[in-house]
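Student: Could you take me through one part of this model up close? I'd like to follow a single piece and see what sits around it.

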Amino acid sequence: MNNNQIVRDNVPLVHCITNYVTVNDVANALLACGGSPIMADDIDEVSEITSISNTLVINIGTLNRRTMASMVRAGKTANEKGIPVVLDPVGAGASGLRNEAVENLLKEVKFAVIRGNLSEVSFIAGLKVSTRGVDTSAADSGNDPVAVSRAVAEKFGCVAAITGAVDVISDGKRLARIHNGVAQMGKITGTGCMLSGVIGAYVGACPDAFSATVSAIASMGIAGEMSWAANGEKGTGSLHIGIIDALSQIGDETIEKRGQISYEG
Amino acid sequence: MNNNQIVRDNVPLVHCITNYVTVNDVANALLACGGSPIMADDIDEVSEITSISNTLVINIGTLNRRTMASMVRAGKTANEKGIPVVLDPVGAGASGLRNEAVENLLKEVKFAVIRGNLSEVSFIAGLKVSTRGVDTSAADSGNDPVAVSRAVAEKFGCVAAITGAVDVISDGKRLARIHNGVAQMGKITGTGCMLSGVIGAYVGACPDAFSATVSAIASMGIAGEMSWAANGEKGTGSLHIGIIDALSQIGDETIEKRGQISYEG
Amino acid sequence: MNNNQIVRDNVPLVHCITNYVTVNDVANALLACGGSPIMADDIDEVSEITSISNTLVINIGTLNRRTMASMVRAGKTANEKGIPVVLDPVGAGASGLRNEAVENLLKEVKFAVIRGNLSEVSFIAGLKVSTRGVDTSAADSGNDPVAVSRAVAEKFGCVAAITGAVDVISDGKRLARIHNGVAQMGKITGTGCMLSGVIGAYVGACPDAFSATVSAIASMGIAGEMSWAANGEKGTGSLHIGIIDALSQIGDETIEKRGQISYEG
């Protein structure tokens, strides 16, 4: 696969309606992997911005009533124009507002990729969850990520990716497992958000959303490993910066060489 | 004291309603010291998010009418549930809106800890201040931090912390002075905000809010010293990242060894 | 010229109404060059905050209806008080909302400096543009930056700066070209926003807005070169942090020595 080269050659413009906690990292991660970010969330401009973009990424990390409406409008525009939409359902299951927002988005917008942790994607699969904040809860950790990702992929006709110690990606037919990454990435805020942005770049440039998502997730895991090797001793601030460094240097050769990806189905 | 170990063992979830300038650093500082951040500010979810959290941190750095109401609602929920609330009154005294917000919060919500610079806490003490932006003004620098922190602690039944060249912490009875930190931390935005987040993690996990606040403030000063020693020559960008690095590596032993803390009362 | 020394001696307070993507970097860049940032965007406090500031910087990167009104109000206050205002018209030409906002700001507020890329400033000059997101579009790259900057400077009685591979600054009479910087700065989000903040610090402290803008732009280009030399091999995360590092260490001597500035007119 040469998915990263396709991203770097095409520089997909990725419209992100995302949270204000990690937005800077999302933009820098997108640039590092070869994409181009644009952030805009006012309802009076999101349709226009989506229309000139190659992908729309919706991240509900710091949801509010104002941007909830913008997300739906942008999503509908993307669907009309055939622009792929990525959903990062941050904290789904943790509050009624988030649940309402996710349910409404899933009703109104067709997504190309849904990526979250096991609690978040379990919620989308219709399972009972006990999300604790923005991390997978212990109570949900017994759910089977393969079954959950397959159920979501089939139900919504999309690529469903559950990221964690092992990442599981399904499009309903194919299934991939990725064993890259280091646990210490959980000590940095926004690795999930950055990944969703990077997935946006890949699916905005590459023809096969499943393959694009697998490459994007592998590249983020590898970036974590590379940064951990280079910066782990220094601490989590350097680990954070080193992930962006690595993303800017990873190409298909590195993904090929270091990716621990297995397929079935 | 083993306050940091208690934080790392319990991983307190800290709900932050905070400004968009430094929010990423607040989240990463919280993770670095052993806590877990969640940012949410919509009035329709703050009560739920506070309810699942161990601490609520309210920071008025980029205040607006929408989040002012959310802060009050979340604060009331925290009080009902016995969840400690930390206030960072950024820029109190600099505008009528900030003064109104702080006065209203102090009327409606009981705080466990109030932390600010000398101008900000002087305002809360009812003194006339001339806050210049977000830094302590020269005009206020003659105020006695010991008297101010004691007055605020007594008036509001809380821990009052004034951070500056020397940090002063009072709970109305006990008083601590901390001499850690380096002046160059003032050349990085958000060291105060990060500290308020870190205090949130400590008071969310440790039984004694005074002792928890002292440990948190000492750890931040030590982090500044460690980063300055490692990165000072490079510049303020590296100093910034190095503070997160240090926070992720500081434990109780380091606080014990390097903390320049004196007590009275 | 000793413009940077003037900034460091006077520590101008710079009120920024800016986007949430790059706001942290803007604050840190402002501090690094010797200024002091304050971010505030609620319509009920912007006039007061502008009134205590030395400069107002308006950046429309993540525009919304709420802050559009705040920008106008703050701008009018600045004009009344004789406080210089800097405009960064991020993405002008990319959506109707941005165009409307820029046109309204130019009608209601007198700017001391307008800084953008060639697409954005071409839009302000009244040319037809095809802005693609937040970067200069290929279609606009044939516009003559000298003619465009002169036209904008004359039309609005301001300093007009177009930054790109070569930066062009005009005040209608004088013209400067700056050849500093490295292309890889485009792989980091916010170098333009940071620069607009830094210009705010310079024009808030220095008497001549044209000379102040030239110094600020040269310092940012030199910071990019210095960081590229020190960090280029590591990747874009380190390049980003190194720019803040360099800004904190650059003084007039460095600008004098490394600045590739030519004047005419």
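Tutor: Let's look at helix H8 and its surroundings, and then at how the chains are arranged. Keep in mind that this is a predicted model, so everything here is computed from it.

Start in chain C, where helix H8 covers residues 191-205 and helix H2 covers residues 23-33. The axes of these two helices come within 8 Å and cross at roughly 40 degrees. Angles under 35 degrees would count as roughly parallel, and 65 to 115 as roughly perpendicular. H2(C) and H8(C) are therefore oblique to each other, and their crossing is right-handed.

Which residues do the touching? On the H2(C) side you'll find Asp25(C), Val26(C), Ala29(C), Leu30(C) and Cys33(C). They meet Cys193(C), Met194(C), Gly197(C), Val198(C), Ala201(C) and Tyr202(C) of H8(C). Sorted by class, this contact between H2(C) and H8(C) has nine nonpolar residues, one polar and one charged.

Now swing over to another partner, helix H1 of chain C, which takes in residues 3-10. H1(C) packs against H8(C) at an angle of about 85 degrees, with the axes 9 Å apart. That angle falls in the range from 65 to 115 degrees, so H1(C) and H8(C) are roughly perpendicular to each other. From H1(C), the residues involved are Asn3(C), Asn4(C), Ile6(C), Val7(C) and Asn10(C). Across from them in H8(C) are Ala201(C), Tyr202(C) and Ala205(C). This time the split is five nonpolar, three polar and no charged residues.

You've now met Ala201(C) and Tyr202(C) in the contact with H2(C) and again in the contact with H1(C). Tyr202(C) turns up once more when you look at Ser215(C), a residue of helix H9 (residues 209-231) in chain C. Leaving aside neighbours within four places in sequence, Ser215(C) is in contact with Met1(C), Asn3(C), Tyr202(C) and Ile255(C). Ser215(C) has a relative accessibility of 2%, so it counts as buried.

Let's hop to chain A, where helix H8 again spans residues 191-205 and holds Val203(A). Is Val203(A) buried or exposed? With a relative accessible area of 7%, Val203(A) is buried. Setting aside neighbours within four places in sequence, its contacts are Thr55(A), Pro84(A), Val86(A), Val113(A), Ala209(A), Ala212(A) and Thr213(A). Take Thr213(A) from that list: it lies ten residues from Val203(A) along the chain, and their C-alpha atoms are separated by 6.9 Å.

Finally, step back to the chains themselves. A turn of 120 degrees, with a shift of 0.0 Å along the axis, lays chain B on chain C with an RMSD of 0.0 Å. That is the relation of a three-fold axis. Which residue of chain B comes closest to the rotation axis? It's Tyr20(B), with its C-alpha at 3.6 Å. Only 7% of the interface residues of chain B are also interface residues in chain C, so the copies meet through different surfaces.

Chain A can likewise be laid on chain B by a turn of 120 degrees and a shift of 0.0 Å along the axis, with an RMSD of 0.0 Å. Of the residues in chain A, Tyr20(A) comes closest to the rotation axis, its C-alpha lying at 3.6 Å.

Terms used
Residues are numbered from 1 along each chain as its sequence is written. Chains are lettered from A and ligands numbered from 1 in the order in which they are written. This is a predicted model: local features need pLDDT of at least 70, side-chain atom pairs count only at pLDDT 80 or more; totals for chains, interfaces and linings use all residues. Side-chain values use heavy atoms; hydrogens and water are left out. Axes are lines fitted to C-alpha atoms, for helices over the stretch in contact, and angles run from 0 to 180 degrees between N-to-C directions. Helices (H or I, at least four residues) and strands (E, at least two) are DSSP runs, numbered from the N terminus. Angles under 35 degrees count as roughly parallel, over 145 as roughly antiparallel, 65 to 115 as roughly perpendicular and the rest as oblique. A crossing is left-handed if the near helix is turned anticlockwise from the far one by less than a right angle, and right-handed if clockwise. Contact means heavy atoms within 4.5 Å. Ala, Val, Leu, Ile, Met, Phe, Trp, Tyr, Cys and Pro count as nonpolar, Asp, Glu, Lys and Arg as charged, and the others, Gly among them, as polar. Copies are superposed by least squares on the C-alpha atoms of residues with pLDDT of at least 70 in both. Buried means under 20% relative accessible area, exposed over 50%, partly exposed in between (1.4 Å probe, protein chains only).
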